[in-house]
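Welcome! Please take a moment to look over the structure below, and then we can walk through some of its features together.

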Amino acid sequence: MDSFMDIATAPGDLPMSEIVARHTVQESQFRHDNVIQPPRPDHPVKIRATSGARLPLARAELWYTTDGSMPDADSAAVTMQPTATDWQFTSGYLTHWCGAIPGQPAGTAVRYKIAGWLSGTSDGSEPDLFAMDGSGFWYRSDPADAITTFAFPVEEAPVHPKWVQDAVIYQIFLDRFHPGTPGGRFQPNIDPQAKHGGTLRGVEQTLPYLADLGVTCLWLSPVGISESYHHYDATDYFTIDPNLGINEDLCSLTNAAHALGMRVLLDFVPSHLSADHAAFRAAQADPNASTYDWFTFYEWPSAYRSFLDFVPSLVSLNTNSDGARQHIIDSAIYWIQEFGIDGYRLDHAIGHGMDFWTQFRTALVAIKPDVVTIGEVTDTPDRLRAYRGRLHDVLDFPLARALRLTFATGDWSLSELNTFLDAYDRFMATGPGRVSFLDNHDMDRFLHVAGGDKTRLKLAALCQFALEQPPVIYYGTEIGLEQARGMDESGFGGDVEVRRDMVWDSAAWDYDLLAFYKSLIAGRAAYPALRYGSRELVYLDPANRVYAFRRTGDADVIIAFNLSDTPQSIPLPAGDYQVILSTVDGVSLSGDGITLPPSGGAWLAST
């Protein structure tokens, strides 16, 4: 069983020890962690930074540009003022600096640096240092290798495209989904770490099944050439792995999906590539190679920055390299223009800074205005909030954790869930869009965490699909696909447990669960309140473990839960209601309330 803190994590997630270290080291750093107020057209944007007591900063200055050029001493400048000094348990005394970049028209991309001068500097003509990005793992960086250029776009209201808000996303792990054989049969007894043979043509064969399920967007795992079965370590950003198919296969899949009203997302990995990638091999062979600055060598040629500085086979791309940036952006544009891809799920998004993401998103929107960029941001909520305008959406790890703790393990009460939803929604109101999920390819399946109890899965999904965030279904969840043992129990490479082959023998499906997921998807589509309405508390009785909230709209929808082991009644607001979906039989409506069986949940629509 996952521990309390890591119940919904992914490789690259910041454990508590790293979060504490990130705060502690502030005492000796000049930091800007992308803390700005949301930019609005023609309104000044306040920029904040901090300096620790071990770094005697005398003055600071904002340098900024609006034409895409790199900010420097000749750029427009704003003097930053020390506004306050406070004391924190982890980092001691911190001085807060603030300056405002003048308002800019909508459509402007602002780039900026924060120059600093230390006390006792001889003439002060050249800055002694620049504020560095302390987000993610960047706080560890040597100042020479740190991110010191930041950016933000000026927009009216940066949100994801409307089609995303209406979407139900289905996550497909390509190698394990469908091999294109009759009946979807995989070869038996294949090594779990080997390529199992899933293909793009196989996915296309399943489109009738996915259309009948009701999903409106496919999320495909990476397609680039790779030695691994998972393809998160590409050796080529512009070529489909022949094991998955050819160019015509991806074109055929996207065209067929689009004809059925489905969008297609690609999992894109801009943070790191394989140590066998030609660009890295060239840089290792020759420090004068054109791709040398794509990477960060601590000691050439064998010591270099890699994923978490722990996986040498996954070489990190250098955010500060114009060449590396352009290669990544050109690749992302290529898949959109050549294959009709509708957007990206961006792996390990904390591996790049906001200057990169602003440029990346701006370039993609310029060629496809309704493209979507969804970041795998495995960081604290304050850092998730900073991605507003830099990416359209982030995957909602905090919500996944809350739903797993409430419905899978029972570690949280319904009162704790309600308190979390209230506080979290208020906090993230000025953040990017969010995309919800219960599980994915990097964590134990929800059903495994719930001890195989499908009632718990139904309750969690009932809540997930009733919240504003567009939902993701991890392949096989809808038919009860399980895993034999937990990832941690399986040791290194245990993630193969959650990436088991999809079962296409319908005799092995849980048809009750499949029907429930179809009803969830249909209900979310039929009632706009579930996608756009506000959320209000209707009833909460912690002692009896019952809870109900309402999503408001033309037709309100009430979502009610009874997690106790006895039937419970919940009073309802005045009005007429009908039960449109329930997790169990036996739900009954009376004149003023609803009675739910043990471990039951329901959606009720006002009539």
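Let us begin at a loop: Pro 301 sits between strand 15 (297-299) and strand 16 (303-304). The peptide bond that leads from Trp 300 into Pro 301 is cis, and its omega is near 5°. As background, most peptide bonds are trans, and most residues other than glycine have a negative phi. Keep in mind, as you explore, that this is a predicted model.

**Two residues with positive phi**

Asn 189 is a residue other than glycine with a positive phi, near 55°. You will find Asn 189 in the loop that runs between strand 9 (169-172) and helix 3 (200-205). Arg 545, also not a glycine, has a positive phi near 60°. Its loop connects strand 24 (535-541) with strand 25 (546-551). Are these residues buried or exposed? Asn 189 counts as exposed because its relative accessibility, 81%, is over 50%. Arg 545 has a relative accessible area of 41%, so it falls in between and is partly exposed.

**The whole protein**

Stepping back, the protein contains 15 helices and 31 strands. Its radius of gyration is 25 Å, close to the 25 Å that the globule rule gives for 607 residues, so the protein is as compact as a globular protein of that length. Along the principal axes, the C-alpha atoms fill a box of roughly 80 × 55 × 45 Å. Among contacts between residues at least 6 apart in sequence, 69% join residues at least 24 apart.

The accessible surface amounts to about 23300 Å², and carbon and sulfur atoms account for 52% of it. As for charge, there are 44 positive and 76 negative charges, and the mean positions of the two groups are 4 Å apart.

**Inside the protein**

Of the 607 residues, 57% are buried. In soluble globular proteins, nonpolar side chains tend to be buried together. Which residues touch the most other members of the largest nonpolar core? In this core of 140 residues, they are Tyr 170, Leu 218 and Leu 220. Beyond its neighbours within four places in sequence, Leu 220 has contacts that include Ile 172, Leu 200, Val 264 and Asp 267. There is also a second, separate core of 21 residues, with Val 45, Leu 55, Tyr 64 and Val 78 among them.

**Three buried residues**

Here are three residues to look up, each with its place and its relative accessible area.

| Residue | Place | Relative accessible area |
|---|---|---|
| Trp 97 | strand 5 (residues 92-101) | 3% |
| Leu 346 | strand 19 (residues 343-346) | 0% |
| His 348 | loop between strand 19 and helix 8 (354-367) | 6% |

Why does Leu 346 count as buried? Its relative accessible area is 0%, and buried means under 20%, so Leu 346 meets the cut-off. Leaving aside neighbours within four places in sequence, the contacts of Leu 346 include Phe 268, Trp 357, Glu 376 and Leu 391. Leu 346 and Leu 391 are 45 residues apart in sequence, while their C-alpha atoms are 9.6 Å apart in space.

His 348 also has Glu 376 among its contacts, once neighbours within four places in sequence are set aside. Other contacts of His 348 include Pro 11, Gly 12 and His 272.

Finally, Trp 97 and Leu 129 are separated by 32 residues in sequence and lie 15 Å apart in space, C-alpha to C-alpha.

Technical notes
Residues are numbered from 1 along each chain as its sequence is written. This is a predicted model: local features need pLDDT of at least 70, side-chain atom pairs count only at pLDDT 80 or more; totals for chains, interfaces and linings use all residues. Side-chain values use heavy atoms; hydrogens and water are left out. Helices (H or I, at least four residues) and strands (E, at least two) are DSSP runs, numbered from the N terminus. The radius of gyration is taken over C-alpha atoms; the globule rule is 2.2 Å times the number of residues to the power 0.38. Buried means under 20% relative accessible area, exposed over 50%, partly exposed in between (1.4 Å probe, protein chains only). Contact means heavy atoms within 4.5 Å. Accessible areas come from the Shrake-Rupley method with a 1.4 Å probe; for residues, only the protein chains shown count as cover. Lys and Arg count as positive and Asp and Glu as negative; His and the chain ends are not counted. The place of a charge is taken as NZ of Lys, CZ of Arg, CG of Asp or CD of Glu. A nonpolar core is a set of buried Ala, Val, Leu, Ile, Met, Phe, Trp, Tyr and Cys residues joined through side-chain atoms within 4.5 Å.
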